[in-house]
Amino acid sequence: MVGVYVSSRNKCGTCLVEEIYYRLSLNLIKAKCLQTYDFYTTHNSYYKNLLDQEDLLDSRLHIFEAEKSSCVVGDFCEACTRDFSTDIFSIDKIQYDLRYVFQIRNPLDILVSEYYSYGWIHQDTPPEQREFVRSLSVDEYCLEAAKELRQDFCRLMTTLVYKINQGSKIWVLSYEEMILDFDSWTIKVLQSLETETLTEYQLANLIYWCRQTWSENIKPPQSDQLSHIRHVTPNDHLNKLRPETISQLWTMFWPLTYFPPFSSATKYWTK
């Protein structure tokens with residue numbers, strides 16, 4: 001049996017990653033790569049409604065709330081936790097081919113995106129948090145929030161070392177690659193799922209379908225600061241932060257670029 005944990009952090013394209021894993025799970029069922037599949041998500045009602053709206057209901061794809069599920073049986077995909085957490089289910093790991101997927105992004109771009117999201121875009125941001133963010137400049141906010149973000153990355157590094165020493169299958173995906181080379185990023189997503197039985201033709205069709213389905217998500221035609229559609233091109237911090245702020249932040253985060261499991265992602269980062 002296959003179990004796939006997908007984890008990331010806010011502002012790393014998590015909503016899109018979650019949707020892609022959901023839709024690919026459904027397609028793999030239809031391609032008969034999977035007999036049945038449990039999809040665990042923090043947005044289960046959204047995906048159940050999506051199935052109904054698009055007439056895609058398939059009795060072999062089950063959708064559950066991740067937080068309320070303590071035990072699973074059968075193949076599953078859990079996507080997408082927001083705090084780099086894994087192993088939230090009680091399962092007999094001996095019976096499972098467990099796969100761990102983490103999506104990361106240039107931390108300076110995460111901080112900039114947080115500033116605009118929490119201060120203006122996200123409607124569910126608590127009022128006191130929104131007012132606090134708005135009271136700061138983008139430079140002030142990034143310097144203020146950097147310590148917590150660095151702790152999150154350090155926790156992820158500890159998790160990765162532990163999982164690698166266990167012999168677990170690990171994929172570290174890159175937000176930047178998702179935007180700049182979507183086909184290459186999609187191949188890694190497919191590798192993390194149970195696609196070993198697919199033919200090259202089937203894989204090529206899935207990659208093409210992904211590109212056509214999400215082309216405007218990865219490269220929206222225009223940006224709007226007051227909507228959820230923002231400038232998604234990597235290294236946006238270069239347009240928003242002062243050089244001295246970038247220098248201070250980079251001093252905090254540059255060691256991440258020397259962590260081997262991050263190498264395929266950090267190559268896209270610009271100081």
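**Figure 1. W269, a buried tryptophan in the segment after helix 11.** In this predicted model, W269 is buried, with a relative accessible area of 8%. Helix 11 spans residues 263-266, and W269 is found in the segment after it. Leaving aside neighbours within four places in sequence, the contacts of W269 are I104, R105, N106, P107, E176, N235, W250, L256 and T257. For a distance to label in this view, take P234: its C-alpha is 7.8 Å from that of W269, while the two are 35 residues apart in sequence.

**Figure 2. N235 and K11, two residues with positive phi.** N235, one of the contacts of W269, has a phi of about 70°. Its place is in the loop between helix 8 and helix 9 (237-240). K11 has a phi of about 75° and belongs to the loop between strand 1 and helix 1 (14-30). Neither backbone angle comes with a glycine: N235 is not one, and K11 is not one either. Most residues other than glycine have a negative phi. Are these two side by side with the solvent or tucked away: is N235 buried or exposed? With 12% relative accessibility, N235 counts as buried, because the cut-off for that class is under 20%. K11 is buried as well, with a relative accessible area of 12%.

**Figure 3. The cis peptide bond between A79 and C80.** Here is another backbone feature to look at: the peptide bond that joins A79 and C80 is cis, with omega at about 10°. C80 lies in strand 4, which covers residues 76-81. Most peptide bonds are trans.

**Figure 4. R105 over the ring of Y175.** R105, which also appears among the contacts of W269, lies over the face of Y175. The distance to the ring centre is 3.9 Å.

**Figure 5. Y5 and Y100, a stacked aromatic pair.** A search of the whole structure finds twelve aromatic pairs. In one of them, Y5 and Y100 are stacked, with 5.5 Å from centre to centre and 10° between the planes. The pair links distant parts of the chain, since Y5 sits in strand 1 (residues 2-7) and Y100 in strand 5 (residues 97-104), 95 residues apart. How accessible is Y5? Its relative accessibility is 2%, so Y5 counts as buried. Y100 counts as buried too, at 1%.

**Figure 6. F84 and F153, a tilted pair within an aromatic cluster.** The ring centres of F84 and F153 are 5.9 Å apart and their planes meet at 55°, so this pair is tilted. F84 lies in the loop between strand 4 (76-81) and strand 5, and F153 in helix 5 (residues 138-165), so the pair ties together parts that are 69 residues apart in sequence. Both rings belong to buried residues: F84 has 4% relative accessibility, and F153 has 0%. Which residues make up the aromatic cluster with F84 and F153? F259 and F262 join them, and the four form one cluster.

**Figure 7. W214 in helix 8.** Helix 8 runs over residues 200-218 and holds W214. With a relative accessibility of 1%, W214 counts as buried. Not counting residues up to four places away in sequence, W214 touches L16, E19, I20, R23, F182 and W209. One of these, E19, is 195 residues away along the chain, yet the C-alpha atoms of W214 and E19 are separated by 10.0 Å.

**Figure 8. The second largest pocket and its lining.** This pocket holds about 250 Å³ of space. Its lining has 13 residues, and those nearest the centre are E114, Y118, Q129, Y141 and E148. Which helix gives the most to the lining? Helix 5 does, with five residues. Helix 3 (107-121), helix 4 (127-134) and helix 5 each supply at least two lining residues.

**Figure 9. The whole chain, for placing the close-ups.** The protein chain has eleven helices and six strands. Of its 271 residues, 52% count as buried. Among contacts between residues at least 6 apart in sequence, 75% join residues at least 24 apart. The accessible surface comes to about 13100 Å², and carbon and sulfur atoms account for 51% of that area.

Methods: Residues are numbered from 1 along each chain as its sequence is written. This is a predicted model: local features need pLDDT of at least 70, side-chain atom pairs count only at pLDDT 80 or more; totals for chains, interfaces and linings use all residues. Side-chain values use heavy atoms; hydrogens and water are left out. Helices (H or I, at least four residues) and strands (E, at least two) are DSSP runs, numbered from the N terminus. Buried means under 20% relative accessible area, exposed over 50%, partly exposed in between (1.4 Å probe, protein chains only). Contact means heavy atoms within 4.5 Å. Accessible areas come from the Shrake-Rupley method with a 1.4 Å probe; for residues, only the protein chains shown count as cover. Rings of Phe, Tyr and Trp (its six-membered ring) pair if their centres lie within 6.5 Å; planes under 30 degrees apart count as stacked, over 60 as edge-to-face and the rest as tilted. A charge sits over a ring if NZ of Lys or CZ of Arg is within 6 Å of the ring centre and within 35 degrees of the ring normal. On a 1 Å grid over the protein atoms alone, a cavity is a set of points where a 1.4 Å probe fits but cannot get out, and a pocket is an open set with protein on both sides within 12 Å along at least five of seven lines; lining residues have an atom within 4 Å of a point. Grid points are joined across faces, edges and corners, and a volume is the space filled by probe spheres set on the points.
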